[in-house]
Every structure is written in C-alpha cells, then in structure tokens.
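Reader: I would like to go through this structure with you and ask what stands behind each term. Could you start with the vocabulary?

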Amino acid sequence: MNNSIIYIVDDDDSICKATSLLLKSNGFKVETFTRAADFLAFKHPKVPSCLLLDIRLPNINGFALQKIMAEQGIITPIIFMTGFGDIPMSVKAMKVGAIDFLPKPFTEKKLLDAITLALSNSKVQNTKQAEIAKIKGRIKTLSPRELEVFNFVARGMMNKNIASKRGTSLQTIKVHRGRVMQKMQAKTVTELIHLAQKAGITSSLD
Amino acid sequence: MKQANDIKEPLLKKIIPNNLEVQILRLTNELKVRKRQLKQGADREKLAKEIFRGRVSRGADREKQGANREKQGADREKQGADREKQGADREKQGAVREKLAKEKFRKQTDELEIKSGQVSQGVHREKQGAGREKLAEEQFRQQSDEIEIKDGQLKQGANREKLAEEQIHIRTKAMEATFDGIFIIDAKKPDFPIIYANPSFYSLTGFTKIEVIGKNYFLLYGEAENVHSSEEIKQTLLRGKPFQGEMLHYKKNGKKFWCLLRITLVRDKNGSITHYVGNKTDTTMMKQRDSEIKEQREELLHVTRVGKLAEFVSSLAHEISQPLTAILSYAQAAQRLIKDREPQLQEILQYIVNDDQRAAEVIRRLRYLLKKTKPAFEPIEINSLINDTVTLIMPDITARNKTVKFELVTNPPSICGDRIQLQQVLLNLISNSLEAMEGNKDSHELVIRTSHKDNDRIMVEVKDSGCGIPTENVKKLFTHFFTSKQDGLGMGLSISRSIVEAHGGHLEAKNNPVHGATFYFTIPITKKNDQ
C-alpha cells in the first residue's frame with residue numbers, strides 16, 4: 001500500500017501476533033515489541049508511522065513510554081490500547097496527545113480508522129519535520145554576524161534599531177540582511193520571520 | 001358385877017371423855033397449828049409478793065415477761081388467798097365443831113396435854129412448809145437473776161444498735177449518691193410494691209416519689225411496653241434467680257434510653273425472699289458509641305467488598321479481553337486473507353467475530369455495573385484518620401492480644417483524599433500486620449508512624465514485628481491475585497496501591513532490619529492554592 005510502518009507494543013505475544021496478522025493482511029508493514037525498551041532501541045526509519053501501545057506494560061508502562069518518546073523526539077502518533085478501558089484513563093490518554101484510545105477487544109474497522117488518522121497525522125508531522133530540518137540546514141549556512149542580524153529581524157526589529165544596538169552603520173546592516181534573505185531563500189521580511197518561527201527561533205536569545 | 005360395873009363405869013367414863021377430849025384437843029391443836037401455818041404462809045406470801053412486785057416493776061419497763069411473771073405472782077397470790085379462804089372455811093367448821101364439843105364436854109375442857117408426837121408432827125409439817133417457802137424463794141431469785149441477764153443483754157443490744165445506725169447512715173448516703181438508679185421492692189407483699197428508690201432512679205426515669213413508692217415496678221411503665229421483657233424478668237425472679245439484661249426503656253416523658261437492669265434477691269436468715277433490689281444503669285451513651293463504630297465498620301466493609309469485587313472484575317475483564325482481542329484480530333485477518341473466496345469459511349469466521357464481540361459486551365456491561373464511584377476528595381487530618389481507623393479495628397487488635405504504638409507527627413498539614421478509601425488502605429495494612437504477627441507469640445507491638453517525607457509529602461508507616469516478607473515475594477506483593485494467605489484473594493494490597501496512587505502517592509513495603517516488615521505510603525500535602 002505504502003511505505004508506512006505500524007509499531008505494536010504489547011506484553012501479550014498473542015495480541016502482537018494477531019494484530020500484526022490483521023494489519024499485514026491489510027497491506028501494512030508491521031513491527032511488534034513485547035517490551036517498551038525494545039521499541040526504544042529500534043531504529044525508526046523516517047517514514048509515516050504509528051504506534052499501537054498497550055497501557056499496562058511491565059517496567060515502563062504506556063504513559064511512561066509516551067513521555068520518553070517525547071523527550072527523545074520520536075514523533076510517532078500513538079493509539080492506546082487497554083483491557084481496562086475506562087473513561088478517566090481514556091481522557092488522560094487523549095490529553096497527553098494520543099490519536100485514539102481503543103478498548104480491547106477492538107474491531108478491524110475501529111483499528112483501521114484509528115490507523116488511517118494516525119498515519120495522515122504522521123505524514124503532516126513528517127513533512128513539518130522535514131521542512132524544519134531544511135530551514136535549520138539553511139540557518140547553519142549563516143555566518144555569526146548574519147545569524148545575529150537574523151535573530152534581531154526575526155524578533156521584528158527595524159534596521160536602524162539593530163544598527164544602533166550593534167553600533168554599526170545602517171548600510172552595513174542592510175547588506176547583512178540582504179545576505180540572510182538570500183541564504184534563507186526568503187523573498188520578503190515576512191517570509192523570513194515565518195521561517196524563523198517554524199525553526200522555533202522567535203523567542204530565543206535575550 | 002356391881003363392882004365390876006363401878007369399876008367399869010368410871011373407867012368407861014374416863015375412857016370415853018378422854019377419847020373425846022383427846023379428839024377435841026387434837027382437833028384444836030391441829031386448828032391452832034394450821035392457823036399459825038396459814039398465817040405464816042400468808043405473811044411469807046405477802047413478803048414474797050412485795051419482793052416480787054418490786055422486782056417485777058423494775059423489769060416491767062423493758063420486759064413484757066416481767067408483766068407475765070407479775071401475773072404469775074398475782075396468780076399465786078390468788079392461790080394463797082384461795083387457800084386462806086379454804087383455811088377460814090375449815091376454821092369455821094372447826095368452830096362449829098368446837099362449840100358442839102364444848103356444849104357436850106364442858107367439864108373436860110381444862111387441862112389437856114398435847115401429845116408430843118402430834119406436836120412433833122405439827123413441827124414437822126411446819127418445817128415442810130418452810131422448805132417449800134425456801135424453794136419458792138430460790139425460784140424467785142433465779143427468776144430475778146434471769147431478768148438481770150436479760151437487762152444486760154438489752155443494754156448490749158442498744159450499743160450494737162447505735163453502731164448499726166451509723167453504718168446504715170453511711171450506706172444510705174452511698175445509695176443516694178450513686179449514679180445508678182436503685183430501687184427496692186417488698187417481696188412479701190402480693191403486689192410487689194416499690195418501697196424505696198434513690199434520687200438517681202427518679203432522675204433516670206423522670207418519675208416522682210409519689211408516682212413510684214408503693215407502686216408495682218412493672219405497672220410504672222404501662223402494661224403495653226416491654227411486655228416481653230417484663231414477663232422475662234418476672235419469670236426469672238419467680239424462679240428465685242437474679243435478673244440481668246439490657247433493654248430499651250422509656251422515661252416518663254416518653255424519651256427512650258438504653259438501660260442495663262439488674263435485679264438481685266434479698267433473703268432473710270431462713271432463706272425466704274424478702275426484697276428485690278433493682279439497679280438501673282443508663283447505657284445509652286455506650287450503646288450509641290458502639291453502634292456508631294459498628295456502622296462505620298459495616299460501611300467500610302461494604303465499600304471494601306464492593307471495591308474488591310470491582311477490582312476483581314476489572315482484573316478479570318483485562319485477563320479475558322486479551323485473548324478476546326487476539327481471537328477477534330485472527331478471525332478478521334483470516335476474513336481479509338480469504339476475501340471473495342470460500343463463502344462458507346467466511347461465514348464461520350463472521351460467527352467467531354460476532355461471538356467474540358458478544359463476550360466482550362458481557363464484560364463491558366459487568367464492568368459498567370461495578371464501576372467504582374468517583375472518590376470524594378476532602379481535606380483530611382492524617383492523625384485523626386489513623387486514630388479513627390484504629391478504633392474501628394481495636395476489637396480485632398485486642399482479641400489478638402496485640403497493642404498499637406502511635407508515633408504521630410504533631411500538627412501535620414492536611415492532605416486531600418477520600419476518607420473511606422484511605423481508611424481502607426490503613427485497615428488493610430493493619431490487618432495484614434496483625435496476621436503477620438499471629439504466629440509469633442513474642443511480638444505484640446504494632447507501630448504506626450507519621451512523618452514529613454519532604455516539603456510536599458506526608459509519610460505513613462505501619463511497622464509490624466511479624467514474620468516479614470519472603471524475598472521472592474517482595475516484588476509480587478502488589479500484583480493482582482498474588483497472595484500468601486490460604487484464603488486470600490490477592491486483592492488487598494493491589495487495591496491499596498491503586499488507591500494510594502489515585503491520591504498521588506506511593507505504597508511500598510520493606511523488611512525491617514530485625515523483625516517483621518514495614519508498609520509505608522506517601523500522600524501529597526494539600527497546597528494552599530489547591531483548596
């Protein structure tokens with residue numbers, strides 16, 4: 001179907017096998033793990049993916065794994081599964097950013113619906129990540145002085161203000177800014193600020 | 001012949017008057033003697049009478065007996081008078097006879113000698129009379145001695161009476177001062193009237209003295225009330241047994257109170273029942289406290305039972321939903337794989353899917369039914385919670401001959417939690433500890449300690465001196481269905497842990513360095529902005 005990968009983490013081997021079989025029969029590529037640590041150790045390819053995660057797991061439970069993933073920058077969307085499906089738990093799961101919450105046992109349809117949503121989410125995330133990576137790559141080409149000017153511009157400072165702050169002439173600033181726009185591939189100042197925001201630079205420094 | 005006659009005649013003459021004379025003389029003497037005797041007797045009688053009267057009058061004040069003796073004396077006097085009268089009658093008779101004889105034998109009445117034998121006979125009789133008198137005197141002396149002894153006894157009695165009076169005074173005061181309502185029933189009278197009731201009886205029942213004294217105890221409360229217990233009391237008392245029982249009583253104003261009624265029997269020296277003594281104790285306060293504790297225990301037990309069941313069902317649901325999930329996925333995968341082929345197999349697979357979902361639905365509904373109610377969070381003072389909980393389980397602690405030592409931090413900050421759930425945790429830990437100490441006769445003390453874990457948390461520890469936790473069990477302690485007890489369900493500690501975690505705390509266990517184990521949990525302190 002595509003190059004997406006579905007990860008399953010459940011300490012019950014039977015669940016791993018059955019769900020994997022069901023998804024494979026639907027044309028998905030599947031990786032299963034019975035321990036959270038094994039999933040973390042796995043090298044994740046940069047393709048659209050989603051994680052079917054059981055909440056009750058030995059040692060590192062579902063919520064704990066989610067926290068670790070966020071810390072490690074693993075952006076795979078999560079679908080929680082649980083045999084203890086109750087409302088407070090599902091609310092908690094959704095609050096911490098899960099795509100869906102599936103009480104066991106779940107039907108093929110519910111599973112596929114959740115996965116479809118998760119994968120499209122993953123694609124958007126991946127695109128965004130790729131864009132950010134591109135922008136960050138461009139930022140890396142800036143000289144220290146250009147980076148400094150870029151930061152000031154990103155925070156919405158006027159040229160003359162930057163000049164007075166740095167103690168240089170307005171002309172010099174204008175030259176730096178022109179080079180920054182060129183390297184960042186931005187046609188307008190607005191576009192430059194937008195790129196800075198995407199890269200998460202806006203509120204830094206100071 | 002003539003001569004013979006001559007001789008004969010005076011001789012006869014001599015003999016005959018002589019005989020008459022002798023007879024007269026004898027009679028006269030006899031009369032004289034008797035007269036003298038009678039007079040003497042009368043004098044003595046009189047004397048005796050006087051003595052007797054004197055003595056009798058002395059004794060009469062104290063002794064009725066004295067009066068009886070006086071009467072006896074009077075009887076004797078009367079007897080004496082009778083004899084005197086008899087004597088007088090005889091004298092009269094004698095006088096008649098004397099007159100007759102005097103007329104007949106005037107001449108021979110001059111000098112006649114009393115025959116010494118007759119005289120001595122008279123003397124002898126006189127002596128006899130004196131002996132009798134002496135005997136009578138002796139009797140009188142004895143009787144007066146007896147009177148004196150009685151007199152002494154009476155004096156002794158009076159002293160004893162004085163002493164007894166003091167004791168009675170103290171006892172009466174004590175009876176009046178006691179908190180219990182005391183009443184005394186006269187058992188000799190047919191209607192069993194109350195003859196005494198102390199002030200507490202009146203304040204306890206609300207009745208006044210006029211309403212109580214002389215009335216039958218059971219009628220006091222009206223016939224309709226407590227018929228059963230009244231009958232029971234009566235039957236017990238009639239069997240000659242003391243009664244004891246706790247029952248609901250009513251005051252005069254209709255207010256209910258619990259009363260411990262005890263009635264004992266008072267017997268005289270012959271063993272027959274003379275009085276009943278009743279003792280009423282107001283046990284309302286104790287009863288209320290008891291029933292409060294009982295209610296709390298029952299509530300907690302109920303919550304625990306429901307909680308256990310819910311937790312049990314929840315665990316069971318999890319265990320079953322795992323394979324159900326796998327079955328469902330396998331069946332649906334198979335459906336996918338043979339899509340558009342094998343219609344019969346497709347149908348069978350659909351049945352598997354349907355039944356799997358049916359089973360899942362049953363579990364869902366069961367779980368919904370036993371859904372735990374949302375815990376009611378409120379500010380709690382941990383020390384008072386511990387005290388309340390220990391009060392609930394105190395009967396168990398006492399029955400097992402154990403003691404609890406409190407080491408509570410002073411003025412702990414309040415925590416936020418569900419009172420009943422936290423009590424459940426404490427109860428669980430305490431009863432586990434008690435069971436752990438069961439086998440060890442040397443370990444009696446259970447320590448409950450509270451302390452500041454850090455600025456944000458309070459720590460509660462339950463430390464026993466029991467058998468400790470086997471190393472291989474330490475990790476499994478808090479998992480569902482794990483138990484080391486013969487009849488345990490393996491839910492207690494896992495529920496306790498989930499309760500503590502729902503409160504934002506942690507429940508752990510460790511073995512003590514020397515004996516036993518400590519279970520301890522932390523609970524976050526309520527922040528000011530949380531409230």
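Author: Gladly! Two strands pair if DSSP finds at least two bridges between them. Helices (H or I, at least four residues) and strands (E, at least two) are DSSP runs, numbered from the N terminus. This is a predicted model, in which local features need pLDDT of at least 70 and side-chain atom pairs count only at pLDDT 80 or more, while totals for chains, interfaces and linings use all residues. Residues are numbered from 1 along each chain as its sequence is written, and chains are lettered from A and ligands numbered from 1 in the order in which they are written.

Reader: What is the order of the strands in the open sheet of chain A?

Author: The 5 strands follow the order E2-E1-E3-E4-E5, with parallel pairing. The edges are E2 (29–33) and E5 (100–103) of chain A, each of which pairs on one side only. From one strand to the next, the twist averages 20°; axes here are lines fitted to C-alpha atoms, for helices over the stretch in contact, and angles run from 0 to 180 degrees between N-to-C directions.

Reader: What makes E1(A) and E2(A) a pair?

Author: They are joined by 5 bridges and run parallel; pairing asks for at least two, so they qualify. A:Ile6 has A:Val30 in E2(A) as its bridge partner. E1(A) also pairs with E3(A) in the parallel sense, over 5 bridges, and there A:Tyr7 is matched with A:Leu51. Between E3(A) (residues 49–54) and E4(A) (residues 78–82) there are 4 bridges, again parallel, and A:Asp54 stands opposite A:Met81.

Reader: Why is the unit of E1(A), H1(A) and E2(A) called right-handed?

Author: A crossover earns that name if, with the strands pointing away from the viewer, the path from the first strand over the helix to the second runs clockwise. E1(A), H1(A) and E2(A) make a β-α-β unit of this right-handed kind. H1 (residues 13–25) lies across E1 (5–9), E2 and E3 of chain A, running at about 170° to E2(A).

Reader: How do you know that E1(A) is mostly covered?

Author: By counting: 4 of its 5 residues are buried. Buried means that 20 or more other C-beta atoms lie within 10 Å of a residue's own; with 12 or fewer the residue is exposed, and in between partly exposed, the C-beta atoms being placed from the backbone.

Reader: Why is B:Glu501 called exposed, then?

Author: B:Glu501 has 12 other C-beta atoms within 10 Å, and the limit is 12 or fewer, so the label applies. B:Glu501 sits in helix H12 (residues 492–502) of chain B.

Reader: What makes a set of residues a nonpolar core?

Author: Its members are buried Ala, Val, Leu, Ile, Met, Phe, Trp, Tyr and Cys residues joined through C-beta atoms within 7 Å. The largest has 43 residues, and A:Val9, A:Leu53, A:Ile79, A:Phe80 and A:Leu102 touch the most other members. H7(B) gives the most to this core, with 6 residues. Another core, of 29 residues, lies apart from it and includes B:Ile415 and B:Phe519.

Reader: How many residues of chain B are in contact with chain A?

Author: There are 18, facing 16 residues of chain A; contact means C-beta atoms, placed from the backbone, within 7 Å. H7(B) gives the most to chain B's side, with 16 residues.

Terms used. Two residues are in contact if their C-beta atoms, placed from the backbone, lie within 7 Å.
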